[in-house]
Amino acid sequence: MNDPWSDLCEGGFCIVDGGLGQAALQELRDWSDNVIATTDHSERWKYQGSDIWRAGKRNTSRRNPDLPQDEIVDRLIEHTGPVLESLGLGDFRSQRYYQIISKPPGAPALYWHQDWARWRDPISLSPWPQQIFLNWYLTDTRPENGCLRVIPGSHRHRMDIHEHLVPPHEGGGYSVSETNQWMFFDHPDSVDVAVEPGQLVIADARLLHATHPNESTERRTVLLCWYFRRGESAPDRWRGQVPSEIGLRDPDTPVHFDRQPGEYLRP
Ligand SMILES: O=C(O)CCC(=O)C(=O)O
Ligand SMILES: [Fe+2]
């Protein structure tokens, strides 16, 4: 492993010490267990396990003003700001809600997917991250209990598997069959991301990721928050080349939702 920023730019993910103490982690476990136990589970959550959204009270989600709000979400967002700052990611802003994604014992794998949805925009070529997810796993994760898997480099490089994937979640993933060979492919380039509670996994939205099934007898919960970079010009610390398409990009390029990698994902 290099430094986290280089890992994030080159491999598409990094693992850092998130600086959360045991007491804070236990509070997050108790809170999320309670939310999970008191929420009706949608059939669409077969592969994610659950996908429950909670905003903060001070940090409310402008786009999702009707979300239930919990103060513990504020504390996690406010704890995370300085962590990102120390990693040189201080120009990222949180989406101000957390997703509680929890695999009960016996839950199936999550399919391969990437979550970037601006593929028509030349900014998709950025060699630095523009949108990242922060994952706090609340238990030890390993292949046996459904840890994350990633394909390093897939955030910037087109691979065989890209051609065969159904867009995730509401884009089609909810209804794929468990026997879909590409969605659940044991890809030779994939890497298991096994972490301990308190470690923070940060990944580029464009990175191909999936999980193993949870074959343990305990629930595996992750708290996931999206962070977006302000602006589309190269970060101050960027020393490499800037792709010409980004230099020529119209700053008023409309935001168009498209989850299918197109011309801006290259070999
Ligand atoms: O459950 C995980 O570890 C990852 C979840 C994820 O990537 C998603 O729901 O989009
Ligand atoms: Fe994802």
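## Strand 10 and its partners

Look at Ser102 to begin: its bridge partner in strand 10 is Thr221. The model here is a predicted one, and strand 10 is a handy place to start exploring it. Ser102 belongs to strand 4 (residues 97–103), which runs antiparallel to strand 10 and is joined to it by five bridges. Another pair you can pick out between these two strands is Lys103, which stands opposite Arg220.

Strand 4 isn't the end of the story. Strand 5 (residues 131–137) also runs antiparallel to strand 10, with seven bridges joining them; in that pairing, Gln131 has Phe228 as its bridge partner. Then there's strand 3 (residues 92–94), which pairs with strand 10 in the antiparallel sense over three bridges, and here Phe92 is matched with Arg229. How much of strand 10 is buried? Nine of the ten residues in this strand (residues 220–229) are, so the rest of the structure largely encloses it.

## Strand 4, covered on both sides

Back to strand 4 for a moment. Seven of its seven residues are buried, so you'll find it mostly covered. In a regular strand, side chains alternate between the two faces of the sheet. In strand 4, Tyr97, Gln99, Ile101 and Lys103 sit on one side, while Tyr98, Ile100 and Ser102 sit on the other, and all of them are buried.

Strand 4 has another partner too: strand 2 (residues 52–55) pairs with it in the antiparallel sense over four bridges. To find that pairing on screen, try Arg54, which stands opposite Tyr98.

## The iron site

Now for the metal. Which protein residues act as donors to the iron ion (ligand 2)? They are His113 (NE2), Asp115 (OD) and His209 (NE2), and they lie 2.1 to 2.3 Å from the ion. Along the chain, the donors follow the spacing H-x1-D-x93-H. The two histidines bring together distant parts of the chain: His113 is in the loop between strand 4 and strand 5, and His209 is in strand 9 (residues 209–211), 96 residues apart.

Are these two histidines buried or exposed? His113 has a relative accessibility of 2%, so it counts as buried. His209 is buried as well, with a relative accessible area of 5%.

## Nonpolar cores

In soluble globular proteins, nonpolar side chains tend to be buried together. The largest nonpolar core in this model has 57 residues, and the ones that touch the most other members are Leu89, Ile202 and Leu223. Zoom in on Leu89 and, leaving aside its neighbours within four places in sequence, you'll see contacts with Trp5, Leu8, Leu84, Ile132 and Ile202. Apart from this lies another core, of 13 residues, including Ile151, Ile161, Val176 and Ala210.

## Cysteines without bridges

How many disulfides does the structure hold? Zero. A disulfide is a covalent bond between the sulfur atoms of two cysteines. For Cys9, the closest cysteine sulfur is in Cys14, 9.4 Å away, which is too far for a bond. The closest cysteine sulfur to that of Cys225 is also in Cys14, at 15 Å, so again it's too far for a bond.

Both Cys9 and Cys225 are tucked out of view: Cys9 is buried with a relative accessible area of 6%, and Cys225 is buried with 0%.

Methods: Residues are numbered from 1 along each chain as its sequence is written. Chains are lettered from A and ligands numbered from 1 in the order in which they are written. This is a predicted model: local features need pLDDT of at least 70, side-chain atom pairs count only at pLDDT 80 or more; totals for chains, interfaces and linings use all residues. Side-chain values use heavy atoms; hydrogens and water are left out. Buried means under 20% relative accessible area, exposed over 50%, partly exposed in between (1.4 Å probe, protein chains only). Two strands pair if DSSP finds at least two bridges between them. Donors are N, O and S atoms within 2.8 Å of the metal (3.2 Å for Na, K and Ca); water is not among the atoms, so sites may look incomplete. A nonpolar core is a set of buried Ala, Val, Leu, Ile, Met, Phe, Trp, Tyr and Cys residues joined through side-chain atoms within 4.5 Å. Contact means heavy atoms within 4.5 Å. A disulfide is a pair of cysteine sulfur atoms within 2.5 Å.
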